[in-house]
Amino acid sequence: MSADALSLAVTGAGGRMGREVIEAAVDREGVAVAVAVNRTETDPVAGVPVADAADLDDLLASEAPDALIDFTGPDSAVAYAETCADAGVPLVTGTTGFADAQIDDLRAASEAVPVLKASNFARGVAALRRAVREAAAALPGYDVELTETHHNAKRDAPSGTAKSILDDVESVREDLDERVHGREGDAPRGPGEVGVHARRAGDVTGEHEVLLAGNRETLELTHRAGDRGVFAEGALDAADWIAGRDPGWYGFGDVLDAGAE
Ligand SMILES: NC(=O)C1=CN([C@@H]2O[C@H](COP(=O)(O)OP(=O)(O)OC[C@H]3O[C@@H](n4cnc5c(N)ncnc54)[C@H](OP(=O)(O)O)[C@@H]3O)[C@@H](O)[C@H]2O)C=CC1
Ligand SMILES: O=C(O)C1=N[C@H](C(=O)O)C[C@H](O)C1
C-alpha cells in the first residue's frame, strides 16, 4: 500500500454494511482500513481486526484516518459524528432512521468537519430520484404512491431512501402534502395524499418503486439493488471525495456531480 493511500475508519464493522464496506475497501486498490470498530466483540473481517467501539476516540487520534464510514444506527451515528468532530476526521454516514433533532446534531458536527449523509449510495437510486422529480413535475394532478421492500431485519420504516424520494416528490408537487402510511378500512384516497407502503420480507436487499397514475395511464419507476456491494462502493467513492474537504454538509449528489465534471 502506498504512503498516500486513502486511510479509512469503519464503524459497525460487524454489521451487514460494515462488513461489506471493509470487504470492498480491502478489494479496492489504494484504500486501507486503518480502524474498524464494533459495539460488540467481532472477529476480524476480511483480515481486518475489529476493535471495541468504546476505543474509537483513541484510535482516531493514533491512526488519523482520512475519513470514517458509518453504517450503524441513529444514536451511534450521532455519537460517532461527535467523535469525528473532536478528532478532525471527515464523516460519511449511510445510517438511516434519524429523528429531526439527530439531523441537527449531525449538522452541528459538520461545522467542525465535513459530513456527508446519504440515505442511499447506489448510483441507480440517484438516477431514480432525478427521474421521479422530472416525472412528478411533468404529470400534474397524477396520483403518486411509493412502495419499498427490504429484508426482514431492517429496523426503520419507511426506508431512508423512501423518505428522500418523498421529499423529492413534494419539492415539485406542492399539492401533495400528506404522507399516508398504508390504508385500512374505509380509507378513500384524499387529493393531497402520497401513499407509502413498507414491505419487509426475506433477504431482499432493497427495492423502491414509485407509481404515478392519472389520465387513463400509469408510470412505474423502480430501482432494485442486486447486493450490498453497490452501497459499499458508493460509500467508498464518497470517502475518497470527502477526504481533505472543508467542514460542511454534503450529499452523495456532490460526489456524483464531481465525477461528471
Ligand atoms: N445509505 C445506504 O446506502 C444504506 C444504508 N443502510 C443503513 O445502514 C444502517 C445499518 O444497516 P445494516 O448494516 O443492515 O444493519 P446491521 O444491523 O447489520 O448492523 C448495524 C451495525 O451497527 C451497530 N450498532 C447498531 N446500533 C448501535 C449502537 N447503538 N451503538 C453502537 N453500534 C450500534 C451494530 O453493532 P452490534 O453488532 O454490536 O449490534 C452493527 O455492527 C441502517 O440504518 C440502514 O438503513 C443500509 C444499506 C445501505
Ligand atoms: O437497511 C437497508 O438494508 C437499506 N437501507 C437504506 C434505506 O433505508 O433507504 C438503503 C437501502 O435501501 C438498504
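Which side chain meets R173 in a salt bridge? In this predicted model, the partner is D175, with a gap of 2.8 Å from N to O. The two residues sit in rather unlike surroundings: R173 counts as buried because its relative accessible area is 4%, under the 20% cut-off. D175, on the other hand, comes out at 40% relative accessibility, so this residue is classed as partly exposed.

That pair has company, since the count for the model comes to 15 salt bridges. The general idea is simple enough: side chains of opposite charge can pair when their charged atoms come close. Another of these pairs is K154 with D156, again at 2.8 Å from N to O. Here both K154 and D156 are buried.

A further salt bridge joins the side chains of R189 and D143, at 3.2 Å from N to O. This one ties together distant parts of the chain, as the two residues are 46 residues apart. R189 belongs to the loop that runs between strand 8 (178-181) and strand 9 (193-200), while D143 is in strand 7 (residues 143-150). As for accessibility, R189 is partly exposed at 28%, and D143 is partly exposed at 33%. The story doesn't stop with two residues, either: through salt bridges that share partners, D143, E145, R183, R189 and E193 form one network.

Now for the domain annotation. An unreviewed UniProt entry places the feature "domain: Dihydrodipicolinate reductase N-terminal" at residues 7-121. In the model, that span is 38% helix and 23% strand, and the C-alpha atoms at its two ends lie 20 Å apart.

Technical notes: Residues numbered from 1 in each chain as written. Chains lettered and ligands numbered in written order. Predicted model: local features only at pLDDT ≥ 70, side-chain atom pairs only at ≥ 80, totals over all residues. Heavy atoms only, no water. UniProt positions renumbered as here; feature names shortened; annotations may be inferred. Helix = DSSP H or I, 4+ residues; strand = E, 2+ residues; numbered from the N terminus. Salt bridge = Lys/Arg side-chain N within 4 Å of Asp/Glu carboxyl O. Buried < 20%, exposed > 50% of the residue type's maximum accessible area, 1.4 Å probe, protein only.
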